[in-house]
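Biologist: I work at the bench and would like to learn how to read a structural model. Could you take me through one, feature by feature?

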Amino acid sequence: MRKWKYGLLPALCISWLAFGAAQVVDPQVYLDEVKYLSSREMRGRATGSPELEEAGRYIAGKFHDFGLKPLEGGRYLQPFPVTTSAHLGKRNLFRFTDNGHNASLHCPEEFIPFNFSSSGPFSGKVVFVGYGITAPEYHYDDYAGMDVKGKVVLVLRHEPQEYSEDSVFAGRTYTLHAQFTSKASNAKMHGAAAVILINDRANHRSEPDTLEKFGTTVGPADAGIPFVELKEANVESWFANAGKNLDKIEEDIDKDLKPESFAFPDSLSVTANLDVERAVKTVHNVVAYLPGTTNEYVIIGAHYDHLGLGEQYSLAPTLVGTIHPGADDNASGTAGVIELARWFSQQPKEKRGILFMTFSGEELGLLGSNYYVNHPILPLSDAVAMINLDMIGRLRDGKVYVGGATTGDNLRAMLDHITPAYSDLYFDYSDGAEYGSSDHSSFSSKQVPALFFFSGLHADYHKPSDTWDKINAPGAARILQVVAQLATDLRETAVRPKFMRVPPPPTDPDPSSASAGYGPYFGSVPDFGEGSGGVKFADVREGSPAAKAHLQAGDVLVEFDGKRVQNLYDFTYALRARKPGDEVLVKVLRKGKPVEAHVMLTQRP
């Protein structure tokens, strides 16, 4: 029997006949699924919401109707815990004594914790540290010469020279140093007990001195340090009693980029308690199996959660509180999984099965897919490949983005054999999404070849305007036709794809640094699951500095260059402070035991 270069010729003939004879997906039926999942009744399908759980039961009901096999204790729903949201508790207080004067502020009118703040009491003396920035690449450090260990630091919002095109910072575009999480990590690494943020009013007199709305800031579940915002009016007396003028301080920093940090007199002290309640809920992946004649199988998956009412991930911040329906992101991919399950359930049994999956918690950091690969229902060693559908509903000019084609040694060859029959589509493999920010990367980290189908970003992404009426259902049906043919070939090919480690493309920032344009290369791929107490490595890139230091997938980074690391934001900040050629001592936990390694950082590849 003659073999083609990745499999058996008869298998190709079967798939060509099957796909030439009938349409896999009815565009109208597909669109009806999108309409339901993105309806007002679903209220944006936020992870942990009753509406997302209803969507999960709906998908499970479809799988049941198609005759697919449940795997988790006879159920289609795989439960796992997620920290879903933060809420202001009832025990928030902020008091200060300034030169003999005692005052109490009211929450949320005069002070408010950030949603990523630690909870609990703090008290102590106060040190002003400018913008709270340490930027070695700009030779700027607000903490230079200041002892803030165990003290409360007061920092300004934004960064110096924000209106200057000649600024060593980015001028009218903020750098990562302006981010609240960067200020939090930097304060923590300098030993501060808490952070107080105020608006830099001297540079923003035309804007009201408003506090951040609670729950709208992107950050870790718990940054590991109390972080609270006060109105500037409430601290003006602090500066006056210290013989300082805040407007002049901001002007002087902008003038010569020299820090103006100082310790307030001992006559000023603060006492506070921050009460941020975090909800931990049980959410579900939806999993169903179509058996083959062997134990091997192909995975077809998509995430079915979205943003709910927006919260901190909305790209329309003025519309937070409005339903973000998520028609394209990712009702489009979820409907694709449902319709492919419908079609494949009606086809003859083939050599390999198909595991159909819809994931929860993707928008919070790939939580559902990460949980699955660490708690697989079927052995991952039997998974031939994973196909991820994320935002396939807005096909424009026939362009289909395909990531991960190089994660399997014969995936690109298989695609090149299939795609010429789709002359109306253009397949773009240039996005380098081998380790991209969607659920396929969870499977790649476990050495499962993983493909990512995507129709591209658009102006409605993460906004209330991502609605069903903008879905190109016929275009999505064409993409699903390709996916179905690929899945069929993967089920029948004699030679299953061999996993290939893929180096990051030159334009791709190191996932462990999340820094564009500055910072050295480390080479870890973070695991976004919860509860590690540091940064867990889902994978370590071959040939990277981390790999050369013998760090491994599964290690949990807890210390970097002498600095405690509690989350990915801390790691990002600590790594960015170093430069290529630096050797740093890192500490990881490997199966609960501490391991130290010296890592020689390099230039980005």
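Modeller: Gladly; we will go through cores, a helix, some single residues, backbone features and a pocket. Please keep in mind that this is a predicted model.

Biologist: Let's begin with the inside. Which residues have the most contacts inside the largest nonpolar core?

Modeller: The general idea is that in soluble globular proteins, nonpolar side chains tend to be buried together. Here the largest nonpolar core holds 64 residues, and those with the most contacts inside it are Tyr-30, Phe-63, Leu-340, Phe-344, Phe-356, Leu-389 and Phe-453. Helix α11 supplies the largest share of this core, 11 residues. Another core, of 34 residues, lies apart from it and includes Ala-103, Phe-122, Ala-194 and Leu-268.

Biologist: What does Phe-344 touch, beyond residues up to four places away in sequence?

Modeller: Phe-344 is in contact with Leu-290, Ile-300, Ile-354, Phe-356, Ala-484, Ala-487, Thr-488 and Arg-491.

Biologist: And Gly-336: is that residue buried or exposed?

Modeller: Gly-336 counts as buried because its relative accessible area is 0%, and the cut-off for buried is under 20%. Gly-336 sits in helix α7. Leaving out residues up to four places away in sequence, Gly-336 touches Tyr-30, Leu-389 and Leu-480. For a sense of distance, the C-alpha atoms of Gly-336 and Asp-469 are 16 Å apart in space, with their positions 133 residues apart in sequence.

Biologist: How should I read a whole helix? Which residues of α6 are buried?

Modeller: List the buried residues, then see what they pack against. Helix α6 covers residues 246–256, and its buried residues are Leu-246, Ile-249, Glu-250, Asp-252, Ile-253 and Asp-254. The buried residues of α6 pack against the strands β8 (126–128), β10 (140–141), β11 (152–156), β12 (194–198) and β14 (262–263), and against helix α5 (236–241).

Biologist: What is found at the two ends of α6?

Modeller: At the start, a side-chain oxygen of Asn-245 comes to within 3.0 Å of the backbone nitrogen of Asp-247. Just after the helix, Leu-257 takes a positive phi of about 55°.

Biologist: Which residues does Asn-203 touch, leaving out those up to four places away in sequence?

Modeller: Asn-203 lies in the loop between β12 and β13 (227–230). Its contacts are Tyr-131, Glu-162, Tyr-163, Glu-250 and Asp-254. Two of these names, Glu-250 and Asp-254, you have just met among the buried residues of α6. The side chains of Asn-203 and Tyr-131 make a polar contact of 3.5 Å. The C-alpha atom of Asn-203 is separated by 9.8 Å from that of His-158, 45 residues apart along the chain.

Biologist: Now a histidine. Where does His-458 lie, and what is its side chain joined to by a polar contact?

Modeller: His-458 is in the loop between β22 (450–454) and α11 (473–492). A polar contact of 2.8 Å joins its side chain to that of Asp-328. Beyond its neighbours within four places in sequence, His-458 is in contact with Asp-328, Met-391, Arg-394, Arg-396 and Asp-466. With a relative accessible area of 14%, His-458 is therefore buried, although it lies in a loop.

Biologist: What should I look for in the backbone?

Modeller: Most residues other than glycine have a negative phi, and most peptide bonds are trans. Leu-366 has a positive phi of about 60°, and so does Gln-447, at about 65°. Leu-366 is in the loop between β18 (353–359) and α8 (367–374), and Gln-447 is in the loop between α10 (440–444) and β22.

Biologist: Why does Leu-366 count as buried and Gln-447 as partly exposed?

Modeller: Leu-366 counts as buried because its relative accessibility is 7%. Gln-447 counts as partly exposed because its value is 45%.

Biologist: Which peptide bonds here are cis?

Modeller: One is the bond from Cys-107 to Pro-108, with omega near 5°. Pro-108 lies in the loop between β5 (101–105) and β6 (111–113). Another is the bond from Asp-329 to Asn-330, with omega near 0°. Asn-330 lies in helix α7, residues 327–344.

Biologist: Finally, how much space lies in the second largest pocket?

Modeller: Rolling a probe the size of a water molecule over the atoms shows where empty space is left. The second largest pocket has about 740 Å³ of space. It is lined by 21 residues, and Phe-180, Glu-212, Thr-216, Thr-217 and Val-218 are the closest to its centre. The lining is made up of eight nonpolar, nine polar and four charged residues.

Key:
Residues are numbered from 1 along each chain as its sequence is written. This is a predicted model: local features need pLDDT of at least 70, side-chain atom pairs count only at pLDDT 80 or more; totals for chains, interfaces and linings use all residues. Side-chain values use heavy atoms; hydrogens and water are left out. On a 1 Å grid over the protein atoms alone, a cavity is a set of points where a 1.4 Å probe fits but cannot get out, and a pocket is an open set with protein on both sides within 12 Å along at least five of seven lines; lining residues have an atom within 4 Å of a point. Grid points are joined across faces, edges and corners, and a volume is the space filled by probe spheres set on the points. Ala, Val, Leu, Ile, Met, Phe, Trp, Tyr, Cys and Pro count as nonpolar, Asp, Glu, Lys and Arg as charged, and the others, Gly among them, as polar. Helices (H or I, at least four residues) and strands (E, at least two) are DSSP runs, numbered from the N terminus. Buried means under 20% relative accessible area, exposed over 50%, partly exposed in between (1.4 Å probe, protein chains only). A polar contact is a pair of N or O atoms within 3.5 Å; within protein, one must be able to donate a hydrogen and the other to accept it, and residues adjacent in sequence count only if both atoms are side-chain atoms. Contact means heavy atoms within 4.5 Å. A nonpolar core is a set of buried Ala, Val, Leu, Ile, Met, Phe, Trp, Tyr and Cys residues joined through side-chain atoms within 4.5 Å.
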